[in-house]
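Reader: Could you walk me through this one slowly, since I am new to reading models?
Author: Gladly, and here it is to look at while we talk.
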Amino acid sequence: MSTFVDTRPTQNLESFKGVKKVPHEEYYSSGHRTCQGCESAQIMKLMAKAAGPRTIVLGATGCMYVANTSYYATPWGLPWMHTQLGSAGSAALGAAAAFRVQMRKGAMKDEPINVIAFCGDGGGADMGLNAISATLTHPDYNLLILLYDNESYGNTDIQISGTSPYGVNTSFSTPGKVTRIMHHRWKKNVAPLIIAGHPTCKYVGTISTSYALQAMNCVRRALSIGGPTFIHCLNPCPKGWDFDPILSHELGELAVNTGIWPLYEVIEGKLKLYGKTEQIAKGKFKRLPVRDYLLKQGRFAHFLEEDIEFFQSKIDEMWDKWLVPGVIPLLKDLEG
Ligand code: SF4
Ligand code: MG
C-alpha cells in the first residue's frame, strides 16, 4: 500500500569530531548589524557553517531578518530569502517542494540541497506555529525549521512573546510601584509541543550557542536524517535582557547549568539528554541556583527574594516531579 511518502536523499553531514575539525569557511560573516554580543547572530553563523554551501536559507521577519538585510549589506554567503513573520513553516515546505519539481523536470541538477527556515520566538512560537505545525506533518520533505529564541519581540522593541519568562521586564510588562510582577505566564515549552503532536517530525532538538560544537552537530544530524525536523535554540540578547555583551556566552551556559534550559534530542522518537543536562539528570552535576542566572540580567532587576524563590520552585518542580525533566510535564506519580 502506498504511504505517499517519497523522501529524497539528504546530504550526509557527519558530526564534527572536535573544534579542530570544524571548517574555516564562513557562510554568515561580517555585514550584519545585530547588537554586540547577539547570540541570535551566533546561531545563524553556526547553523550556516554546520549546513555548508549547498543550502538555501529562508528567514522569517525578526531581528535576524531586519539586522541582516540592511541596504547594500548582507552577512549571508548562502542563498537567502525573506519570508513573512508567520511563514517559516510554509516557506520551508514550499522551497522543498519547488526543488523537487525543478529537479524532476530537469530544470536544475538533481542533488540534495539543505532547506532551512528560521524564525524568532514571535515568528515561531507565536504567530507562525500554525504553519510550522502543518509543515511538520508532511513526512516526505527534507527540511529544518530553526527557532532562535531571544524570549521577546526583539526587533520591535522587546515586547512579550509566548516564550518570555515569568515576571520579566519587557516593554509590555514594565514593573511599577503598585504592581511589581506584570507578566504572570510561564514560558511556552515549544519543543515538547512539537514532539508530542508531530510524530512525523524525524528530529527535534534543543540547543544553546554557548555549546557551539554540540549545536552545530545537532544541525548536521537534523539535516542528514531525512524528513521534516525542528530545532529550538535559546539566545541571550544583550539589548532585550539588559546585560553587558561580555556576558552572552556565560548566560547561555548558566541557562543550561541552572536547569532552566534543558538540552536534548529526540531522534526518530528516541529521547536523549545531552551535555550538562545529561550530567544533571544522572546526578553528576548539581544544578546551579537560578539566581546566578536571573540576577545577571537587568530584565529581572525588580525581582525580590520571593520572586527568585518562586522561579526556583518551578524549576525544581520540573526536575523533581516531571516524568522527563524539561520534556514531559506529566507528574511522575501517575494515578492508576
Ligand atoms: Fe540580537 Fe537581541 Fe539585538 Fe535582536 S535585539 S539583534 S536578538 S541582541
Ligand atoms: Mg524574539
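Author: Two strands pair if DSSP finds at least two bridges between them, and strands (E, at least two residues) and helices (H or I, at least four) are DSSP runs numbered from the N terminus. The model is predicted, so local features need pLDDT of at least 70 and side-chain atom pairs 80 or more, while totals for chains, interfaces and linings use all residues. Residues count from 1 along each chain as written, chains are lettered from A and ligands numbered from 1 in written order, and side-chain values use heavy atoms, without hydrogens and water.

Reader: Okay, in what order do the strands of the open sheet come?
Author: Its 8 strands follow the order S2-S1-S3-S4-S6-S5-S7-S8, and the sheet is open with mixed pairing. At its edges stand strand S2 (80-83) and strand S8 (270-273), each of which has a single partner strand, so one side of each is left without a neighbour in the sheet.

Reader: Do S1 and S3 run parallel or antiparallel?
Author: Strand S1, which covers residues 55-60, pairs with strand S3, residues 114-119, in the parallel sense, and 5 bridges hold that pairing. If you would like one bridge to find on the screen, look at Val-57, whose partner in S3 is Ile-116.

Reader: And which way do S5 and S7 pair?
Author: S5 and S7 pair in the antiparallel sense, over 3 bridges, and within that pairing Tyr-203 has Ile-267 of S7 as its bridge partner. S7 is also joined to S8, again antiparallel, by 4 bridges, where Glu-265 is matched with Lys-272 in S8.

Reader: How many residues sit between the strands in the hairpin of S7 and S8?
Author: There are 2 residues between the strands of that hairpin, and Glu-268 takes a positive phi near 45° there. Another hairpin is made by S9 and S10, with 3 residues between them, and in its turn Gly-326 has a positive phi of about 85°. Strand S9 (residues 322-324) and strand S10 (residues 328-331) run antiparallel and are joined by 2 bridges, with Ile-328 in S10 as the bridge partner of Val-324.

Reader: New topic: which residues are the protein donors of the magnesium ion?
Author: For the magnesium ion, which is ligand 2, they are Asp-121 through OD, Asn-150 through OD1 and Ser-152 through O, at 2.0 to 2.1 Å from the ion. Donors are N, O and S atoms within 2.8 Å of the metal (3.2 Å for Na, K and Ca), and because water is not among the atoms, sites may look incomplete.

Reader: How are those donor residues spaced in sequence?
Author: The spacing of the donor residues reads D-x28-N-x1-S. Asp-121 belongs to helix H4 (residues 121-127), whereas Ser-152 lies in the loop between strand S4 (143-149) and helix H6 (190-197), so that this pair, 31 residues apart, links distant parts of the chain.

Reader: Are Asp-121 and Ser-152 buried or exposed?
Author: Asp-121 and Ser-152 are both buried, where buried means under 20% relative accessible area, exposed over 50% and partly exposed in between (1.4 Å probe, protein chains only).

Reader: Last one: where does Arg-100 lie, and what does it touch?
Author: Arg-100 is part of helix H3, which spans residues 88-104, and with a relative accessible area of 12% Arg-100 is buried. Leaving aside residues up to four places away in sequence, Arg-100 touches Asp-6, Arg-8, Asp-140 and Tyr-141, contact here meaning heavy atoms within 4.5 Å.
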